[in-house]
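Grab a pencil and work through some exercises on how a protein holds its side chains. Try each task yourself before you read the solution.

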Amino acid sequence: MTTTAIEPAGRTASKLTPGKARSPRPPGRLRRISLPYLLLLPALVLELLVHLVPMVIGTVMSFKELTQFYIRDWGTAPWAGFDNYALTVDFDAPVGQALLNSFLTTCLFTLLSVGLCWLLGTAAAIFLQETFRGRGILRTIFLVPYALPVYAAVITWAFMFQRDNGLVNHVLHDQLGLTDSPPFWLIGENSFVTLLVVSVWKGWPFAFLIMMAGLQNIPREIYEAAALDGAGVWQQIRRITLPSLRPVNQVLVLVLFLWTFNDFNTPFVLFGKAAPEAADVISIHIYQSSFQTWNFGTGAAMSVLLLLFLLVVTGVYLLATSRGRKTGDA
Amino acid sequence: MRRTRAAAVGAVTLSLVLSAAACGGGTSGGAGSNENPETLTYWASNQGASIEVDKEVLQPELDKFEKQTGIKVKLEVVPWNDLLNRILTATTSGQGPDVLNIGNTWSASLQSSGALLPWDTKNFEKIGGKDRFVASALGSTGVQGQDPAAVPLYSMAYALYYNKKMFADAGVAKPPATWDELVATGKKLSKDGKSAIGVEGSNLANNIHQVFVLGKQHGADFFTPDGKADFTSDGAVAAVEQYVDLMAEHKIVAPGNAEYAQNQSLSDFSNDKTAMVLWQTASATFASQGMKEDEWGVAPAPVQSGAPGQGKATNSMAAGINMAVFKNTKNIDGAMKFVKFMTGDEEQKILNKAYGSIPPVSSAQQDPAFNTPALAVLRETLATSAAALPQVPEESQFETVVGTAVKELFAEAAAGREVTTESVRAKLEKAQQQMPKK
């Protein structure tokens, strides 16, 4: 973009005598100054439409008493001040309590899911660095979950996790005899494990893909030199691979964190409109508060709080990791 | 420069205004217009075994309407799971269909949003008058004392369907008429991996239908006469406890039913795994699952006394589908003609026969086709012992929060945990506090 803007200006300047160079030539100058903004405009307008406007509207809604009586013309809903926020953070009352439980569940779920996705993705990427027979097939197979449509994949998991007719219990209970009675996976406490399994299955191929790309950038010579110096496989991973992947990891972990924390599709398709308490992650919780109980104002307040939380976490993370990088670079 | 800046500012402002209008739209109230008299858009609820079946049933009738009036009806069959959200979205954006189906229990909730055309006397006259409809069906068309928000289209009622073979195998001669008999019979039927009665523990709406009826039998309404949520009355607690106890205490419901939400209990019934189900108009589903008509029987749903009637002898909610006109319609006259067509005697007979429901139009109900043993029970129930769900604006929220509470209690029962009066009350208290403040 910079090049595009400078080139015409350079050509214009070369045609002018030095004395006249500063004389006003509105069309050229105008073009030079406005071109970058004009080029940015479509993106800016779209960004406004897609993100900022709903965000502003959502924030306004969070200060309104917005129920079914006003959804047809939400602008007329009475102002609620901070009532919606007070309700959501009153952790002694059921609404706040349920939100807190949901938030803590989501934190634990995200921590475990991102951790496992990262671990599996990294391990698989390192394993597939070496060339061997069947590597291409394995790579393709590993990427299948990432390529499948989410809805179709998750609904298949939901069938497999059914208590009486599902494949999971058929193997665990009927074939291996690991349980006294077939456990429930889609209701009760186990639903957390179910959500975690499906989330990791869906998320780790992305980590694998990014890690594979990251590994391509590490020169083979470093490994060869390390091997000559007597470094074993583990030492090479610890001293060369992981430090070299650090910039990739910084982005990967952040993206996985945001995707997992906000993931709506997986729990919604697995459990339907009312997720079990153990798997009542924040996205579903807000959906239910807004669209199932028609407390749109309260739901909007919850969304704003979630946005603030994610902004703070992302900001702190970026700050911490960029500082670390600067120190590392120095 | 000035022009460019102005253009940029204009574009941004326009986009902001447009999106704000889109989000807060639907403000152009009124009672529809006739800007687009040639076509109509119709959102039909999924009534048949599949969306395709619905299209096969409805399309010939829509063609007939086009032939009569020259108005083309664009049909979209919307699955139940999506219907309420689709209607809400249409309400918010103002971009909805001209005519739509709603679950009759949502009538008051949707009426309060102001999105649906009110059916005052003048509008009713355009479709032949209010008197054509059965009173119980009109009871689920909106808040009492206000003009209805919709017109009844298909009526349904709950009944007890029983598997004749399983009854014979267990030596049970007749279907139970009281809950005590149901439990006693149920214990005889629940053996060898088979269970007595099926429930849809994870289906919120179905949970509500069942506990509402049981609530009536315990003298509870779930809402006070002035429309405030009243989920924790002794009667409401007793109703929920009695329903969940079928699994928790009496063990006549298989634990697996706690996660059912997609009519799996009907499949179990058809496959001789469950002997009874409390269902509304199940005959078409049984037929689609390969069950012959003489393999199942139908009896009125149990009541505490054994004799269904009003009040504490209520044994069904007044179930059904209503037809509504979206206030923003651009073809109000066409929409009225279409509602008149669909609620006309001839169409009522055709459609209700196809879906196994009862016509809410009195004259159509007299057709002998609705007098088969199965349909006679449903018709009798609707006429004498069914009650409309609370016609309050918060009905939809009630379905969600109390339906979820019952789902969670079934999950507890399925895990082998005790369900007590206190645990039921605690769940219902939590549900009540999730309701919007009035």
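The exercises below use a predicted model, and each task is followed by a worked solution.

**Exercise 1: The nonpolar cores**

Task: How many residues does the largest nonpolar core have, and which helix gives the most to it?

Solution:
- Start with the general idea: in soluble globular proteins, nonpolar side chains tend to be buried together.
- Now count. The largest nonpolar core has 98 residues. Among those with the most contacts inside it are B:Tyr42, B:Phe231 and B:Met342.
- Next, look for the main contributor. Helix α17 of chain B, residues 395-414, gives the most to this core, with 10 residues.
- Zoom in on B:Met342. Setting aside neighbours within four places in sequence, B:Met342 is in contact with B:Tyr42, B:Leu58, B:Leu153, B:Met323, B:Glu347, B:Gln348 and B:Leu351.
- There is also a second, separate core of 40 residues, which includes A:Trp204, A:Met212, A:Ile218 and A:Leu245.

**Exercise 2: Edge-to-face or stacked?**

Task: Decide how the rings of A:Phe142 and A:Phe208 are arranged, then do the same for A:Tyr287 and A:Phe291.

Solution:
- Two numbers will do, as a pair of aromatic rings is described by the distance of the centres and the angle of the planes. Planes under 30 degrees apart count as stacked, and over 60 as edge-to-face.
- Take A:Phe142 and A:Phe208. Their ring centres are 5.4 Å apart and their planes are at 80°, so this pair is edge-to-face.
- Where do A:Phe142 and A:Phe208 lie? A:Phe142 is in helix α5 (residues 135-147) of chain A and A:Phe208 is in helix α8 (residues 191-216) of chain A, so the pair ties together parts that are 66 residues apart in sequence. A:Phe208 is buried, with a relative accessible area of 0%.
- Now take A:Tyr287 and A:Phe291. Here the centres are 5.7 Å apart and the planes are at 25°, so the pair is stacked.
- Both A:Tyr287 and A:Phe291 belong to helix α13 (residues 282-292) of chain A, and they sit 4 residues apart, about one turn of the helix.
- Check the surroundings: A:Tyr287 counts as buried at 10% relative accessibility, while A:Phe291 is partly exposed at 37%.
- Finally, widen the view. A:Phe264, A:Phe268, A:Tyr287, A:Phe291 and A:Phe296 form one aromatic cluster, and the structure holds 40 aromatic pairs over all chains.

**Exercise 3: Charges over rings**

Task: Which ring does the charged end of A:Lys64 sit over, and which face does B:Arg132 lie over?

Solution:
- In chain A, the charged end of A:Lys64 sits over the ring of A:Trp79, 4.4 Å from its centre.
- In chain B, B:Arg132 lies over the face of B:Phe133, and the distance to the ring centre is 5.9 Å.

**Exercise 4: Pairs of opposite charge**

Task: For B:Lys64 with B:Glu61 and B:Lys353 with B:Asp367, find where the partners lie and whether each is buried or partly exposed.

Solution:
- The idea first: side chains of opposite charge can pair when their charged atoms come close.
- B:Lys64 forms a salt bridge with B:Glu61, with the closest N and O atoms 3.0 Å apart. Both lie in helix α2 (residues 51-69) of chain B, 3 residues apart, about one turn of the helix.
- B:Lys64 is partly exposed at 25% relative accessibility, but B:Glu61 is buried at 8%.
- B:Lys353 and B:Asp367 meet in a salt bridge at 4.0 Å, N to O. B:Lys353 lies in helix α14 (residues 345-355) of chain B and B:Asp367 in the loop between α15 (362-365) and α16 (373-384) of chain B, so the pair ties together parts that are 14 residues apart in sequence.
- B:Lys353 is partly exposed at 44%, whereas B:Asp367 is buried at 15%.
- Over all chains, the search finds 21 salt bridges.

**Exercise 5: Where the chains meet**

Task: Describe the interface of chain B and chain A: how many residues are in contact, and how many salt bridges cross it?

Solution:
- Count the residues: 56 of chain B are in contact with 39 of chain A.
- Add the area. The two chains bury about 4,000 Å² between them, 60% of it on carbon and sulfur atoms.
- Look for charges: 3 salt bridges are found across the interface.
- A:Glu189 forms a salt bridge with B:Arg417, with the closest N and O atoms 2.9 Å apart.
- A network of salt bridges also links A:Glu277, B:Glu408, B:Lys427 and B:Lys430.

Technical notes:
Residues numbered from 1 in each chain as written. Chains lettered and ligands numbered in written order. Predicted model: local features only at pLDDT ≥ 70, side-chain atom pairs only at ≥ 80, totals over all residues. Heavy atoms only, no water. Core = buried A, V, L, I, M, F, W, Y, C linked by side-chain atoms within 4.5 Å. Buried < 20%, exposed > 50% of the residue type's maximum accessible area, 1.4 Å probe, protein only. Helix = DSSP H or I, 4+ residues; strand = E, 2+ residues; numbered from the N terminus. Contact = heavy atoms within 4.5 Å. Phe/Tyr/Trp six-rings, centres within 6.5 Å; stacked < 30°, edge-to-face > 60°. Lys NZ or Arg CZ within 6 Å of the ring centre and 35° of its normal. Buried area = accessible area lost by both parts, 1.4 Å probe. Salt bridge = Lys/Arg side-chain N within 4 Å of Asp/Glu carboxyl O.
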